[in-house]
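Trainee: I would like to learn how to read a sheet and a cavity from a set of coordinates. Could we go through one case together?

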Amino acid sequence: MTKENMSVEERLIMAEKPGKDAMVLHKYYGGKIEVVPKAAVRNYDDFAIWYSPGVAAPCKAIHEDIDEVYAHTWKWNTVAVVSDGTRVLGLGDIGPEAAMPMMEGKVMLYKYLGGVDAVPICLDTKDPDKIIEAVNLMAPSFGGVNLEDISMPKCFDILDTLRETCKIPVWHDDQQGAATVVYAAAINAMKLVGKDIKKSHICLVGAGAANIAIARLMFAAGINPKNLVMVDSKGILNPEREELKKNFKQKWKMCEQTNGAGKKGGLKEAMEGADIVIAASAPGPGTIPKEYVKRMANDAVVFATANPVPEVWPWEAKEMGAKIVATCRSDFPNQVNNSMGFPAVFRGTLDVRAKTITDEMCIAAAEELAKFAEKKGMYEEYILPLMSDWEVFPLEAVAVAMKAQEQGLARLKLTRQELTDRAEFMIKRSREITEIMMKSGYIADPELAFNK
């Protein structure tokens, strides 16, 4: 039976399966990552090189020239994935321990898709100043930092402060990562329905970290803020929402910049006539009543990106007239997921030792993603590359690295070909190592977990 012929009950059962399997397999493997040596151990004498006394030589070299740390240690290819567990998926504030499976998953994607080593670090504090201090203190050990699942509005100030104070690139994936991938998907979706994204009416449902960052990136890419309407749980953002002026400066800025049509009201009014709705809101189903999709423009596009359940089920949005629907789930068509962004963005950032990650670098990544899908042959259920389209990750990484060099932010100068060779090697290596370990049995067959 195809997915198109499934009943609603069968679709719901299918949607619940990943969670049920996860409960079995996470316990079976005891976590998803481990640390293994990458340097040769020919015999026990080699430990005199890797540890005492030989290791004193690179230690002294780094002391004399701190940039030598990139040559002698894993810093050149390693990212810290940092969370306080206050906004995990759509689950909310569940704490640092409960955030660990998510952070481990992020680390696994970094390695497999981008060839980037990463370490999950869940902090036992909700204090933004302590989070900032912790990241600054651990910066010598890493080449970059991925902030993850930190509640708002503090996530904005944490990112902005660390981009100023930290000596390595800091990125908040719920902001920059979401914006990069959503913008790429929106470019192609609007092309498919024959509309110019820069002239389209855009409705953002939810005014959290993701949608505010999506709006900012769209503005940086040339979209007129007046063509965009943003709505939160209390209504459409507009200059009459003065309660936001003091307590939420990012939302207030959107009140001032957006909604050129002067819309008022709530979600129903915000979606009226929209060409594309981008929802990054509370998990559904029903956060967006399916009937509201009918109020959108012809050939409407709906991105329902809440995790683990989208704001509206894709089949309901289609039933109400949506031409293209995307979610964050891998078990539905058009997965708009940050995993298509962060592994490659950091691959490119690390390869040239960029000092920061700019909007322009994110836009370069988004445009490369969109271009790849278009060249491959995009259609209504394929607006973005899939994880299995591994060739896109080196292309995206190179686009990011080239933009960093163009902006004068790169510590290393490499040609396009050098960057391509480097990215392809690192990504292929990670995939092949995983395959070898599975074939050898060092990664156990997951089917055994279900046959116990």
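Trainee: How many bridges join strand 5 to strand 8, and do the two run parallel or antiparallel?

Mentor: Strands of a sheet pair through backbone hydrogen bonds, and the pairing may be either parallel or antiparallel. In this model, which is predicted, strand 5 (residues 202–205) and strand 8 (residues 276–279) run parallel and are joined by four bridges. Within this pair, Leu 204 stands opposite Ile 278 of strand 8.

Trainee: What is the order of the strands in the open sheet?

Mentor: The sheet has six strands in the order 7-6-5-8-9-10, and its pairing is mixed. Strand 7 (235–236) and strand 10 (322–327) are the edge strands, each of them pairing on one side only.

Trainee: Which strands does helix 8 lie across, and which does helix 9 lie across?

Mentor: Helix 8 (residues 173–192) lies across strand 8, strand 9 (300–304) and strand 10, and runs at about 160° to strand 9. Helix 9 (residues 209–220), for its part, lies across strand 5, strand 6 (228–232) and strand 8, with an angle of about 170° to strand 6.

Trainee: Turning to empty space, how many cavities of 30 Å³ or more are counted, and which residues line the largest cavity?

Mentor: Rolling a probe the size of a water molecule over the atoms shows where empty space is left. Here the count is one cavity of 30 Å³ or more, and the largest cavity has a volume of about 40 Å³. Its lining is formed by Tyr 70, Gly 143, Pro 169, Thr 349, Leu 350, Arg 353, Ala 354 and Arg 411, which divide into four nonpolar, two polar and two charged residues.

Note on methods. Residues are numbered from 1 along each chain as its sequence is written. This is a predicted model: local features need pLDDT of at least 70, side-chain atom pairs count only at pLDDT 80 or more; totals for chains, interfaces and linings use all residues. Side-chain values use heavy atoms; hydrogens and water are left out. On a 1 Å grid over the protein atoms alone, a cavity is a set of points where a 1.4 Å probe fits but cannot get out, and a pocket is an open set with protein on both sides within 12 Å along at least five of seven lines; lining residues have an atom within 4 Å of a point. Grid points are joined across faces, edges and corners, and a volume is the space filled by probe spheres set on the points. Ala, Val, Leu, Ile, Met, Phe, Trp, Tyr, Cys and Pro count as nonpolar, Asp, Glu, Lys and Arg as charged, and the others, Gly among them, as polar. Two strands pair if DSSP finds at least two bridges between them. Contact means heavy atoms within 4.5 Å. Axes are lines fitted to C-alpha atoms, for helices over the stretch in contact, and angles run from 0 to 180 degrees between N-to-C directions.
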